[in-house]
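The following account leads the reader through a predicted model. Please keep the sequence and the structure at hand while reading.

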Amino acid sequence: MNTSSQPFEILLVPTNAENPGEASPAGGPVRSAVVRPTGETGASGYPRYAGDGMEADIDPVSGTVEALLVDGAELGYGLTAVARPQD
């Protein structure tokens, strides 16, 4: 299976105030988007995905978001991006 062709859902969740860089367990997503592969490689070297106002470089093996633009801007402080594969 070619994992780089699989779409992902990106969830933007509040950052955990006690452990910066981690998603807050109490905070649900404030926004989500399903992104699909564009066929391009991002500056990070990972495949580029886009959709619903988000553009991301995602490691298709681990699901790690390596770079992200939301409505053309960098992700604001206090938010963490989490990606999960879509069927």
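Two strands are taken to pair if DSSP finds at least two bridges between them. Under that definition, strand 3 (residues 47-51) and strand 4 pair in the antiparallel sense, over four bridges. One of the bridge partnerships joins Ala 50 to Glu 55, the latter lying in strand 4.

This pairing belongs to a wider arrangement. Seven strands form an open sheet in the order 6-5-4-3-2-1-7, and the pairing is antiparallel. At the edges stand strand 6 (73-74) and strand 7 (79-85), each of which pairs on one side only.

The nonpolar residues may be considered next. The largest nonpolar core comprises 13 residues, and those with the most contacts inside it are Ile 10, Val 35, Met 54, Ile 58 and Leu 68. Two or more residues of this core come from each of strand 1 (8-14), strand 2 (31-41), strand 4 (54-58) and strand 5 (65-70). Ile 58 illustrates the contacts made: leaving aside residues up to four places away in sequence, Ile 58 touches Phe 8, Ile 10, Val 35, Tyr 46, Pro 47, Tyr 49, Gly 63, Thr 64, Val 65 and Ala 83.

Charged side chains add further links, and the count of salt bridges comes to four. In one of them, the side chains of Glu 9 and Arg 84 meet at 2.8 Å, N to O. Glu 9 is in strand 1 and Arg 84 in strand 7, so that this pair links distant parts of the chain, 75 residues apart. Glu 9 counts as buried because its relative accessibility is 13%, under the 20% limit for that class. Arg 84, with a relative accessible area of 43%, is partly exposed.

Another salt bridge joins the side chains of Arg 31 and Asp 71, at 2.7 Å from N to O. Because Arg 31 lies in strand 2 and Asp 71 in the loop between strand 5 and strand 6, the pair ties together parts that are 40 residues apart in sequence. Arg 31 is partly exposed at 28% relative accessibility, whereas Asp 71 is exposed, with a relative accessible area of 56%.

What is the N to O distance at which the side chains of Arg 48 and Asp 57 meet in a salt bridge? The value is 2.5 Å. Arg 48 counts as buried at 18% relative accessibility, and Asp 57 is buried with a relative accessible area of 3%. Glu 55, already met as the bridge partner of Ala 50, is linked with Arg 48 and Asp 57 in a network of salt bridges.

Methods. Residues are numbered from 1 along each chain as its sequence is written. This is a predicted model: local features need pLDDT of at least 70, side-chain atom pairs count only at pLDDT 80 or more; totals for chains, interfaces and linings use all residues. Side-chain values use heavy atoms; hydrogens and water are left out. A nonpolar core is a set of buried Ala, Val, Leu, Ile, Met, Phe, Trp, Tyr and Cys residues joined through side-chain atoms within 4.5 Å. Buried means under 20% relative accessible area, exposed over 50%, partly exposed in between (1.4 Å probe, protein chains only). Contact means heavy atoms within 4.5 Å.
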